[in-house]
Amino acid sequence: MLQIQRMEEHEAFLASLANGHPIPIAHLNCDACRLNVSSLREHFPILARQIHDGKPLVYLDNAATTQKPVSVIEAMNQYYRESNANVHRGVHYLSEEATRLYEDAHKKVARFINAKSFRQIIFTRNTTESINLVAYTWGRSHIREGDEILLTVMEHHSNLVPWQLLTQQTGAKLRFLEIDEEGLLCMDQLHELLSERTKLVAVTHVSNVLGTVNPIHEIVEAAHAVGAKVLVDAAQSAPHLPINVQGLDCDFLAFSGHKMCGPTGIGVLYGKRDLLEEMPPFLGGGDMIRSVSFQESTWNSLPWKFEAGTPAIAEGIGLGAAIDYLTEIGMGLIFAHERELAYYTHERLDAIDGIRIYGPKPRLKGGVVTFDLCDIHPHDIAAGLDQEGIAIRAGHHCAQPLMQILGTRATARASFYFYNTLEDVDVLADALEKVKKFFRR
Ligand code: C6P
């Protein structure tokens, strides 16, 4: 195991991540990247729970949603207890206070992903809505019959179905970049698939099934060379690694608050300013207008043009608090810690007879480990682990086409966050042996 001792190498690695060129590194086991996990865990009351007659909860379903620290819960409570009012509508004290808190949350997100301006940060309900927003507005005004949209075979349904709807309506065509045996994108194929017909490349930054970290910057360069725009599904990356939208040079980027210590009901769409300016609105109603007459309307400035109606104010403020919390820990350290967990999980699970792990070796993946155990149905694996206090996800992970390519209908998946420990991995590995015994394998 390679140990990276020098800070410069650690920093070079982090810079590479932020620019979308992950450097393959075996281990980042340096003191500089050790988090004080036990003190961080104290911020999450739920992690102290015991379930099923006193089994300590081991929460390994973080790709589905993460737990919330007290600071996020308190920020939302405080808004409801002290500042509750509608935003952008009142001239009274509370409304101005709520407006400032809500707008500040947009500014925090902008800094978090290094956007030039908070005007490029649109609050939506989640990643799914962010992608649909682009499909309905940019897509319906730019995609025509004969055009092509390039996706990859590892996309979540959220980054597939909106494009199916769009191409069915417009007569455009979907094309797919494949993966190799290790679960990495076939980058040689990228140049064959891209042409002047390609209008959009929509790609996940990190696969929610394989954990693969995709080389976004390389994809953006190639797509821009043929005049295509790029949308990055950052649902599984923004919570786990540093994002720099200017470094990546992507045109759109989408993620969800609930997967990064924030509340449900709030998500983000980042877009390049010129694209957002010329895009028609998504939903019509209050707050998204500048003026309205009986026959027509003009639009509010960004980002409010895309935030029709009373927004999710408390959730937006909660997301801002989550971003403060993650920023204080450091996104680079979070990713390094999760890679350590992924390495250790591979080590422990590889030693179990009958385990098949899907996706790349940990050198090119985040904290997601998807596996099968003998011929035990993944739902039985998950139910067995649940009895031991362990929460994982089993099923198709909203990626049915990828399951087809992997030659299965369902898998089991453990997914980590910075509050998970090597001991959690030990509990998982030991419990998998018990599940095997129970099913007599
Ligand atoms: N994946 C999982 O368990 P929403 O539901 O809109 O917050 O996120 C959708 C989404 C989009 N892209 C990727 C890569 C995702 O992983 C997800 C959500 C969860 O894998 C729930 S299905």
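## Ligand shell

Sorted by class, the residues around the ligand comprise 4 nonpolar, 10 polar and 4 charged ones. The model is a predicted one. The shell has 18 residues, and those that come nearest to the ligand are Thr-128, Asp-233, Gln-236, Ser-256 and Arg-393. Two domains contribute to this shell: domain 1 (20-56 + 330-439) and domain 2 (71-328) each supply at least three residues.

## Polar contacts and burial of the ligand

Side chains of Gln-236, His-258 and Lys-259 make polar contacts with the ligand. In the case of Gln-236, an N or O atom of the side chain is 2.7 Å from a ligand oxygen atom. For His-258, a polar side-chain atom lies 2.7 Å from an oxygen atom of the ligand. The side chain of Lys-259 has an N or O atom 3.1 Å from a nitrogen atom of the ligand. The ligand taken alone exposes 510 Å², of which the protein buries 90%.

## Strand S14

Strand S14 spans residues 368-373, and 6 of its 6 residues are buried. The cover extends to both faces: one side carries Val-368, Thr-370 and Asp-372, the other Val-369, Phe-371 and Leu-373, and all of these are buried.

S14 pairs with strand S13 (residues 355-358) through 4 bridges, in antiparallel orientation. Within this pairing, Ile-357 has Phe-371 of S14 as its bridge partner. S14 is also joined to strand S17 (residues 411-415), again by 4 bridges and antiparallel. Here Val-368 stands opposite Ser-415 of S17.

## The loop after S14

Cys-374 belongs to the loop between S14 and helix H13 (378-387). Its phi is positive, about 45°, although Cys-374 is not a glycine. Cys-374 counts as partly exposed because its relative accessibility is 32%, whereas Leu-373 in S14 is buried.

## A cis peptide bond at Pro-303

The peptide bond from Leu-302 to Pro-303 is cis, with omega near 0°. Pro-303 sits in the loop that links strand S12 (297-299) and helix H11 (313-329). With a relative accessible area of 0%, Pro-303 is buried. Its C-alpha atom is separated by 6.2 Å from that of Ile-121, although the two residues are 182 residues apart along the chain.

## Other loop positions

Ala-228 is located in the loop between helix H8 (216-225) and strand S8 (229-233). It is buried, at 1% relative accessibility. Ala-228 and Thr-198 have a C-alpha to C-alpha distance of 5.7 Å, with their positions 30 residues apart in sequence.

Arg-119 occupies the loop between helix H4 (93-112) and strand S4 (121-124). Its relative accessible area is 24%, so Arg-119 is partly exposed. From Arg-119 to Tyr-270 the C-alpha to C-alpha distance is 9.0 Å, and the two are 151 residues apart in sequence.

## The segment after H15

Arg-440 lies in the segment that follows helix H15 (422-438). Arg-440 has a positive phi of about 50° although it is not a glycine. Its relative accessible area is 77%, and Arg-440 is therefore exposed.

How values were computed. Residues numbered from 1 in each chain as written. Predicted model: local features only at pLDDT ≥ 70, side-chain atom pairs only at ≥ 80, totals over all residues. Heavy atoms only, no water. Near = heavy atom within 4 Å. Polar contact = N/O pair within 3.5 Å; in protein donor to acceptor, adjacent residues only side chain to side chain. Areas by Shrake-Rupley, 256 points an atom, 1.4 Å probe, with all protein chains shown as cover. Nonpolar A, V, L, I, M, F, W, Y, C, P; charged D, E, K, R; others polar. Domains from an automatic or database assignment. Buried < 20%, exposed > 50% of the residue type's maximum accessible area, 1.4 Å probe, protein only. Helix = DSSP H or I, 4+ residues; strand = E, 2+ residues; numbered from the N terminus. Pairing = 2+ DSSP bridges.
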